[in-house]
Amino acid sequence: MSQDVPESPKATMFDQLPETGRAPKGSAARASAPERRADPGPEISIVVPMHDEVENVEPLLAEIAATLNGTFTYEVVCVDDGSGDGTVEALQAAADANPAVRVLRHSRRCGKSAGVQTGARAARAPIVVLMDGDRQNDPADVPALVADLRDGRSRDPHLIMVAGQRGRRADTWLRQLSSRVANGVRGAVLGDGTRDTGCGLKAITREGLLALPYFDGQHRFMSALVQAQGGRVTLRDVADRPRAAGQAKYGVWNRLWVGIGDLLAVTWLVRRSHLPDRVEDLSADASARGPANGPGADASEAESKRVAGQGRAAS
Ligand SMILES: Nc1nc2c(ncn2[C@@H]2O[C@H](COP(=O)(O)OP(=O)(O)OP(=O)(O)O)[C@@H](O)[C@H]2O)c(=O)[nH]1
Ligand SMILES: [Mg+2]
């Protein structure tokens, strides 16, 4: 007997996201459908999840423009995660003045990972740069991350992410200690070869990011999740700066308890991620159709036969 499933009143991961939150007149987002199809889109989408960062909006966007204008074409996709301090109004004002800025808004606070996910789904570029909205990341590090990802992928299409890692931390000793312990335990359990998964600055392919299993807290486990899906991660040293304005959203304790539960879940996920060494298409017309689907589908034909390798270590 079939049963009607009631229509979900909530937003779902399968919904089509708007091409922009609120676009200024004349921007690509307001263009008609055929015009949009002709628009190749930006090379890079910078995704910035934000919760209560009103004082950081204007200086952050000004710094991104001052640093990145003239390097590559880009958009900044800002995701307001249910802020109550005027962040979204500040973002809308910025978007009105700058067509490269797009604003998406969650109806309620869902966490940083949800912001990352929403931004990645809305992104128009094949490469997404994740950046914190508190100005602790330096936009000057972005070109090198992007170059690493592009160069690396031209040699190995399984390179999915270049993760920033902070050297000298601009945090209190307690936060530094808790972060070191958490990273140490996580690294020992997952063996993901990444000493600073909390660094918010990362360059990743949009397709790769959207292929990762999603959960609240996902952003702290991206290295392990990419590798569990057969992808490779490389690391690059980046700057860390003190928070100039606004409040940290995570404390030592709320991060610790949630982090332990997440670590158990991700350990299970990684152990259950079985992938074949390679997938071959044995049907007669396979060569006419081109590469098989999978992480290597955009690679050369020889490379594309090896669509998934297991658990490659980060370098
Ligand atoms: N979307 C969303 N973003 C958040 C949330 N919490 C934090 N963020 C954003 O994530 C980024 C990093 O948040 P922070 O509070 O600075 O946390 P952190 O950098 O990991 O840790 P500290 O700087 O050491 O406190 C900022 O852009 C925040 O606005 C949240 O619940 N939802
Ligand atoms: Mg921060």
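User: Let's start with β4. In which sense does β4 pair with strand β6, parallel or antiparallel?
Analyst: Keep in mind that this is a predicted model. β6 covers residues 202–205, and I127 of β4 stands opposite T205 there. Over 4 bridges, the sense in which β4 and β6 pair is antiparallel.

User: And β1, which residue of β4 does I44 stand opposite?
Analyst: β1 and β4 are joined by 4 bridges too, and this pairing runs in the parallel sense. Here I44 has a partner in β4, and that partner is I127.

User: Which residues of β4 are buried on its two faces?
Analyst: Strand β4 spans residues 127–130, and both of its faces are covered. One side carries I127 and V129. The other side carries V128 and L130.

User: Moving on to α3, why do its buried residues line one face of the helix?
Analyst: In α3, residues 87–97, the buried set is T87, V88, A90, L91, A94 and A95. Looking down the axis of α3, these buried residues line one face because they fall within an arc of 160°.

User: What do those buried residues of α3 pack against?
Analyst: The list takes in one helix, α2 (54–68). It also has strands in it, so to speak by name: β1 (44–50), β2 (74–81) and β3 (101–106).

User: Which hand does the unit made by β2, α3 and β3 have, right or left?
Analyst: β2 and β3 run parallel, with 6 bridges joining them. Within that pairing, C78 stands opposite V103 in β3. Put α3 together with these strands and you get a β-α-β unit that is right-handed.

User: Now V57. Why does V57 count as buried?
Analyst: V57 sits in helix α2. A residue needs 20 or more C-beta neighbours within 10 Å to be called buried. V57 makes the grade because its count inside 10 Å is 29.

User: Which residues does V57 touch, leaving aside those up to four places away in sequence?
Analyst: Take T87 to begin with: it is 30 residues from V57 in sequence, but their C-alpha atoms are 7.1 Å apart in space. T87 is also one of the buried residues of α3. The full list of residues touched by V57 is T87, A90, L91 and A94.

User: How about V181, buried or exposed?
Analyst: V181 is found in helix α6, residues 173–190. From V181 to L256 is 75 residues in sequence and 9.8 Å in space, C-alpha to C-alpha. The cut-off for exposed is 12 or fewer neighbours. V181 has 12 C-beta neighbours inside 10 Å, so it counts as exposed.

User: Over to ligand 1: which elements give two or more residues to its shell?
Analyst: There are 22 residues around ligand 1, and D81, G115, G133, A248 and K249 come nearest. The elements giving two or more residues to that shell are β1, β2 and α4 (112–122).

User: How many residues in the shell around ligand 1 are charged?
Analyst: Go class by class: the shell has 5 nonpolar residues and 7 polar ones. For the charged class the number is 10.

User: Last one, for the whole protein chain: what share of contacts between residues at least 6 apart in sequence joins residues at least 24 apart?
Analyst: The protein chain has 11 helices and 7 strands. Of its 315 residues, 38% are buried. As for contacts between residues at least 6 apart, the share that joins residues at least 24 apart is 79%.

Methods: Residues numbered from 1 in each chain as written. Chains lettered and ligands numbered in written order. Predicted model: local features only at pLDDT ≥ 70, side-chain atom pairs only at ≥ 80, totals over all residues. Arc of directions from axis to C-beta. Contact = placed C-beta atoms within 7 Å. Pairing = 2+ DSSP bridges. Right-handed = clockwise from strand over helix to strand, strands pointing away. Near = placed C-beta within 6 Å. Nonpolar A, V, L, I, M, F, W, Y, C, P; charged D, E, K, R; others polar.
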